[in-house]
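Biologist: Could you take a close look with me at one part of this protein, the paired strands in the middle of the story, and then show how the surrounding pieces connect to it? I would be glad of one long, joined-up answer.

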Amino acid sequence: MSDLYEVSFDRNALANTLIKLNQGWQADQQTFENIDKLRDPNSVVVIGGQQAGILSGPLYTINKIISIISFAKQQTILLGIPVLPVFWIAGGEDHDYDEVNHVYLPDGTDLKKYAMGDHYTERVSISNRSLDKEDAVQWINLIIRELKESTYTKKIVTNLEKHLKTADTFVDFFALFIHELFAETGLILIDSDDKDVRQLEVSFFKDIIQNQPVISQDVFQSLQTMKTNGYHVTVEANENDGHLFIKENNERILLQKMNKIWVGKNNECQYTEEELLKIATETPERLSNNVVTRPLMQEKLFPTLAFFAGPSEAAYWSILKGSFHSLSMKMPPVLPRISLTMVEQKVLKQINRYNLSLTQVINQGGVQSHRLNWLKSQSQAPVDEMANQFKRMIIDGHGPMKEVTTHLSDDISQFADKNLELLLKQVDHLANRINQEFKRKYADHLNEFDFVQMHVNPFNGLQERTWNILYFLNIYGDDWLKDISNYPFDWKKQHYVVYL
């Protein structure tokens, strides 16, 4: 941590920008007290980021924020200095709207996707997407109707409609919702694509532009080394990558550097280095980072004690050490965020009823093998085994007749083969019909297995990748969320189960 005190940060300018941003997002007093502490040269931050998903997006965003808040509290006590929780709305400059415009809600034993419509025809960054208030209200009313009304429903609707009236953009709506959820935690939010933030980044954009050859070469070589050693990193890179985007006619264009000229990836534009440096100075809001330079920019702005990453983030941070060194920077410690699985009592009841292992259901492919074994155990007759035995008897009995045809014409020999094939198919058909009847007979039980699967291992993945927090807020309110944010996590343990 002593390394941070050797680096100069423009704390006052950053604090002033953060105050303006968080005022617009209606943050509470604790957030502004923390922003003011950022002016203290002894203060540090715990930081992490994610895209601005609708209603916070999948639960992994919530899990990351909880990680940041909890760790910051622990380190404040341990170190005796202000350790401030910061969440970087990392996807504000991204334009893949389809990744952030939907939630999944339960529909029987399946999850149903509800996507908010889009009136844009061009590729516009998330930060610059204005909300169609009428469409958004209709969408919210739609998903609320899909939830069972509870004592918390009315409050949720009131707050969401209030946020919609205040929000100008998609990111605003996200930030207002997050500040409501994590009120009184002191959480600080920052939008990576905000114009005032871009003004703070002018000198850092220049550093990245001027050091592009070294950054790109280091990233490319590190990536090749990782691949050679058998590690999978979800980042593609080559030595010509500029690792910057530029806005042209509201389009966000990825830049490459070819023969000292910066060009769009598909030749949409071209700039000399001098022209690009001028843009960085005069209109820095036209520039934005990719996954390689975003961490560099983040560490230039904030005195970072630790960065919380998801699995894919941790993988691509592993190839950035040389890039940090090229800008005379040191990488912060990268910590894995916690993963939480929410388990309701009605889900736990089914898990216990069928003697399922919750750990296995979460981590080892869900309930399908248990479901199949349970169904087979309900029949005193092993249908599949009986079918296989019956088919062996048919094959044995059919053999002599087939042997007779070997001395006759090819047509009758082929007919015998076809006859055997049809007989065996009929046995399979009978076995399938019997199994289907068992499924109908035990449909309610099988649905209970599917219910567990949907809740704790949806689409054969962790709950956090699909579920949205709205479902849980509607049933349980938000006190449980405050309790979790204060929980003293053991950071060597990455997965926790939350019993609701």
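Modeller: Happy to; what follows starts with one strand, moves to its partners, and then walks out to the helices and the other sheet. Please keep in mind that this is a predicted model.

Let me set the scene with the chain as a whole. The protein chain holds 21 helices and 14 strands. Of its 500 residues, 52% are buried. If you take the contacts between residues at least 6 apart in sequence, 75% of them join residues at least 24 apart.

Now to the part itself, strand β2, which spans residues 83-89. How many of the residues of β2 are buried? The count is seven of seven, and the strand is mostly covered. Its side chains point two ways: Val83, Pro85, Phe87 and Ile89 go to one side, while Leu84, Val86 and Trp88 go to the other, and all of them are buried.

β2 has a partner in strand β1, residues 44-50, and the two run in the parallel sense over seven bridges. If you want a pair to click on, Gln50 stands opposite Ile89 in β2. The path between these strands is worth tracing too: β1, helix α3 (residues 59-79) and β2 form a β-α-β unit, and the unit is right-handed.

On the way from β1 to α3 there is a backbone detail that may interest you. Ser56 sits in the loop between β1 and α3. Its phi is near 85°, a positive value although the residue is not a glycine. Is Ser56 buried or exposed? With a relative accessible area of 1%, Ser56 is buried, because anything under 20% falls in that class.

Back at β2, strand β5 is another partner: β2 and β5 pair in the parallel sense over four bridges. Two pairs help to fix the register. Val86 stands opposite Ile188 in β5, and Phe87 stands opposite Leu189 in β5. β5 covers residues 188-191, and both of its faces are covered. Ile188 and Ile190 lie on one side, Leu189 and Asp191 on the other, and all four are buried. Do notice Asp191 in that list, an aspartate among the buried residues of β5.

From here we can step out to the helices, beginning with α1 and α2. Two packed helices are described by the angle between their axes and the distance between the axes. For helix α1 (residues 11-24) and helix α2 (residues 29-37), the axes come within 9 Å and cross at roughly 170°. An angle over 145° counts as roughly antiparallel, so that is how α1 lies to α2. Ala15, Leu18, Ile19, Asn22 and Gln23 in α1 meet Thr31, Phe32 and Ile35 in α2. By class, this contact has five nonpolar residues, three polar ones and no charged ones.

The loop between α1 and α2 contains Gln26. Gln26 has a positive phi of about 60°, and it is not a glycine. Its relative accessibility is 41%, so Gln26 counts as partly exposed.

Helices α8 and α9 give another packing geometry. Helix α8 (residues 202-210) and helix α9 (residues 212-228) pack at an angle of about 70°, with axes 5 Å apart. The pair is therefore roughly perpendicular. Ile208, Ile209 and Gln210 in α8 meet Gln212, Pro213 and Ile215 in α9. The residues of this contact divide into four nonpolar, two polar and no charged.

α9 also leads us to the other sheet. This is an open sheet of five strands in the order β9-β8-β7-β6-β10, with antiparallel pairing. Its edge strands are β9 (270-272) and β10 (287-289), each pairing on one side only. From one strand to the next, the twist averages 35°.

Inside that sheet, strand β6 (residues 241-248) and strand β7 (residues 251-258) pair in the antiparallel sense over five bridges. Lys247 stands opposite Arg252 in β7. Lying across β6, β7 and β8 (261-264) is α9, which runs at about 120° to β6. Helix α11 (residues 293-301) packs on the sheet as well, touching β6, β7 and β10, and its direction makes about 100° with that of β10.

Key: Residues numbered from 1 in each chain as written. Predicted model: local features only at pLDDT ≥ 70, side-chain atom pairs only at ≥ 80, totals over all residues. Heavy atoms only, no water. Axes fitted to C-alpha atoms, helices over the stretch in contact; angles between N-to-C directions. Parallel < 35°, antiparallel > 145°, perpendicular 65-115°, else oblique. Contact = heavy atoms within 4.5 Å. Nonpolar A, V, L, I, M, F, W, Y, C, P; charged D, E, K, R; others polar. Buried < 20%, exposed > 50% of the residue type's maximum accessible area, 1.4 Å probe, protein only. Pairing = 2+ DSSP bridges. Right-handed = clockwise from strand over helix to strand, strands pointing away.
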